[in-house]
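Ready for some practice in reading a protein structure? Take a look at the model below, then try each exercise before you read its solution.

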Amino acid sequence: MTSDDFVPPALRRLWRLPESSRLGRPAALDVDLVVAAAVEIADRDGLGGVTIPKVAKSLGFTGMSLYRYVGSKDELLTLMADAAAGPG
């Protein structure tokens, strides 16, 4: 086991740590695509217009499928703020 095994999922996504490999087909989305779609919606509709179902629909997925990439709307907003801050 490595120290990465003990990083909570929300921090793994924020820090863009790779997920352990899963069986089945490869993921069609990633955190960066979800965040980019959410930022586009925020630019168009304001921050209040950002919802998990809206982001999912803009990507052609169901709301529930996005929870593989973001744990909650609050986490999505944190990821959006991190993206807006840029590399640091």
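**Exercise 1.** Which residues are buried in helix H3 (residues 52-59)?

*Solution.* Keep in mind that this is a predicted model. Step one: buried means under 20% relative accessible area. In H3, that description fits Ile52, Val55 and Ala56. Step two: look along the axis. These residues cover an arc of only 100 degrees around it, which puts them on the same side of H3. Step three: turn to the other side of H3, where Pro53 and Lys57 are exposed.

**Exercise 2.** Against which helices do the buried residues of H3 pack?

*Solution.* Follow the buried residues outwards from H3: their packing partners are helix H2 (31-45), helix H4 (63-66) and helix H5 (73-85).

**Exercise 3.** Which residue caps the N-terminal end of H3, and which residue follows the helix?

*Solution.* Start at the N-terminal end: the cap is Thr51, with a side-chain oxygen 3.0 Å from the backbone nitrogen of Lys54. Now go past the other end: Gly60 follows H3, and its phi is positive, near 80 degrees.

**Exercise 4.** How many salt bridges does the structure hold, and which residues do they join into one network?

*Solution.* Begin with the count: there are 2 salt bridges. One pairs Arg44 with Asp45, with 3.2 Å between the closest N and O atoms. Another pairs Asp45 with Lys54, where the closest N and O atoms are 3.4 Å apart. Salt bridges that share partners therefore link Arg44, Asp45 and Lys54 into one network. Finally, check accessibility: Arg44 is exposed at 59%, Asp45 is partly exposed at 37%, and Lys54 is partly exposed at 37%.

Notes
Residues are numbered from 1 along each chain as its sequence is written. This is a predicted model: local features need pLDDT of at least 70, side-chain atom pairs count only at pLDDT 80 or more; totals for chains, interfaces and linings use all residues. Side-chain values use heavy atoms; hydrogens and water are left out. Buried means under 20% relative accessible area, exposed over 50%, partly exposed in between (1.4 Å probe, protein chains only). Helices (H or I, at least four residues) and strands (E, at least two) are DSSP runs, numbered from the N terminus. The arc is that of the directions from the helix axis to the C-beta atoms. Contact means heavy atoms within 4.5 Å. A polar contact is a pair of N or O atoms within 3.5 Å; within protein, one must be able to donate a hydrogen and the other to accept it, and residues adjacent in sequence count only if both atoms are side-chain atoms. A salt bridge is a side-chain nitrogen of Lys or Arg within 4 Å of a carboxyl oxygen of Asp or Glu.
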